[in-house]
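Let's take a walk through this structure together, one stop after another. Have the sequence and the 3D view open as you read.

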Amino acid sequence: MFIEKIPEDAAAGATADYYRQQREAWGFLPNYAGAFGHRPDVAQAWNGLNVAIRNGMDRRRFELATIAAARALRSTYCTAAHSKFLRDVCGDETSLHRIAEAPDGDTLDERDRAVYRFAAKVATDAASVEQHDVDQLRSAGLSDADIADVVYAAAARSFFTRVLDGLGAKLDAQTAGEFAPDLYSSMVVGREAAER
């Protein structure tokens, strides 16, 4: 990372608590935790927002929107982590491979493709979103509440990816190792993973 991280064995108070939570969730201390070590209050606020967004919408749609935003923002870290969640939590390996084959979402079904492209547009150029973009989502069967959820997911991802890339956090080798090399290589849209 570009800043000096608080080492896990030197962490105290809220930072130690945050590191402990992340280690319990992942089975190791993920590299991104170091980006928040100096401000665990920001990490907890982010986590609250992220969980509220994720738990308020269809989980699979959340992961697709998040992957689309992460790819558009060139975050290898978030692209790989949420690809893992799409596969392991949502049980959707098919979409994972479809995105690897066509990173623009072209091979996804109509509704997923509309969500994916819209999330990418919100993440990279929200000011260019027009009524017809929203109407396409409505035509694909999304309600206004569903559409707002996609915007929340893409907008929140923008914050997290900017923090990680701005501070130089690299995807954990453990997460990269969860994928076959060719599949992982399709997720490298920015920084490479850290070496073991």
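Which kind of link do the side chains of R138 and D144 meet in? They form a salt bridge, with N and O 2.8 Å apart. Keep in mind as you look around that this is a predicted model. Neither partner is hidden away: R138 is partly exposed, at 37% relative accessible area, and D144 is partly exposed too, at 48%.

That bridge is one of 16 salt bridges in the count. Another joins D41 and R39, whose closest N and O atoms are 2.8 Å apart. Here D41 is partly exposed at 46% relative accessibility, and R39 is partly exposed with a relative accessible area of 46%. For a bridge that spans more of the chain, look at R61 and D146, where the closest N and O atoms are 3.7 Å apart. This pair ties together distant parts of the chain, since R61 sits in helix 4 and D146 in helix 9, 85 residues apart. R61 is buried, with a relative accessible area of 15%, whereas D146 counts as partly exposed at 22%.

Salt bridges can also join up into a network, and K84, R87, D88 and E178 do just that. Find K84 in helix 5. Is K84 buried or exposed? It counts as buried, because its relative accessibility is 18% and the cut-off for buried is under 20%. Setting aside neighbours within four places in sequence, K84 is in contact with V89, T175, E178 and F179. E178 therefore turns up twice, as a contact of K84 and as a member of its salt-bridge network.

Now for helix 9, which covers residues 144-167. Its 24 residues reach 35 Å from the first C-alpha to the last, close to the 34 Å expected at 1.5 Å a residue. Quite a few of its residues are buried, including I147, V150, A153, R157, F160 and L164. What do the buried residues of helix 9 pack against? The list runs to helix 2 (33-36), helix 3 (40-55), helix 4, helix 5, helix 7 (110-125) and helix 8 (131-139). Right after helix 9 comes G168, with a positive phi near 80°.

One residue that meets helix 9 is F62. You'll find F62 in helix 4, and it counts as buried at 1% relative accessibility. Not counting residues up to four places away in sequence, F62 touches N50, I53, R54, M57, H82, A153 and R157. Two of those contacts, A153 and R157, are among the buried residues of helix 9. P181, by contrast, is 119 residues from F62 in sequence and 25 Å away in space, C-alpha to C-alpha.

Next, the aromatic rings. A pair of aromatic rings is described by the distance of the centres and the angle of the planes. The count here comes to ten aromatic pairs. Take Y18 and Y19: their ring centres are 6.3 Å apart and their planes at 45°, so the pair is tilted. Both Y18 and Y19 are buried. How are the rings of W46 and F160 arranged? Their centres are 4.9 Å apart and their planes at 15°, so this pair is stacked. The W46 and F160 pair also links distant parts of the chain, with W46 in helix 3 and F160 in helix 9, 114 residues apart. W46 is buried, and so is F160. Ring pairs link both of these pairs into a cluster, along with W26, F28, Y32, F36, Y77, F85 and F159.

F28 from that cluster also touches R23, which in addition contacts E8 and L29, leaving out residues up to four places away in sequence. R23 lies in helix 1 and is partly exposed, with a relative accessible area of 36%. Its C-alpha is 9.3 Å from that of A33, ten residues along the chain.

Let's finish on the outside. M1, F2 and I3 form a nonpolar patch on the surface, with about 280 Å² of accessible area together. F2 lies in the segment before helix 1 (13-26) and is exposed, at 57% relative accessible area. Elsewhere, R74 sits in the loop between helix 4 (59-72) and helix 5 (76-88). R74 is exposed as well, at 53%, and has a positive phi of about 65° although it is not a glycine.

How values were computed: Residues numbered from 1 in each chain as written. Predicted model: local features only at pLDDT ≥ 70, side-chain atom pairs only at ≥ 80, totals over all residues. Heavy atoms only, no water. Patch = residues over 30% accessible without salt bridge, like charges linked within 9 Å, V, L, I, M, F, W, Y side chains within 5 Å. Areas by Shrake-Rupley, 256 points an atom, 1.4 Å probe, with all protein chains shown as cover. Salt bridge = Lys/Arg side-chain N within 4 Å of Asp/Glu carboxyl O. Helix = DSSP H or I, 4+ residues; strand = E, 2+ residues; numbered from the N terminus. Buried < 20%, exposed > 50% of the residue type's maximum accessible area, 1.4 Å probe, protein only. Expected span 1.5 Å × (residues − 1). Contact = heavy atoms within 4.5 Å. Phe/Tyr/Trp six-rings, centres within 6.5 Å; stacked < 30°, edge-to-face > 60°.
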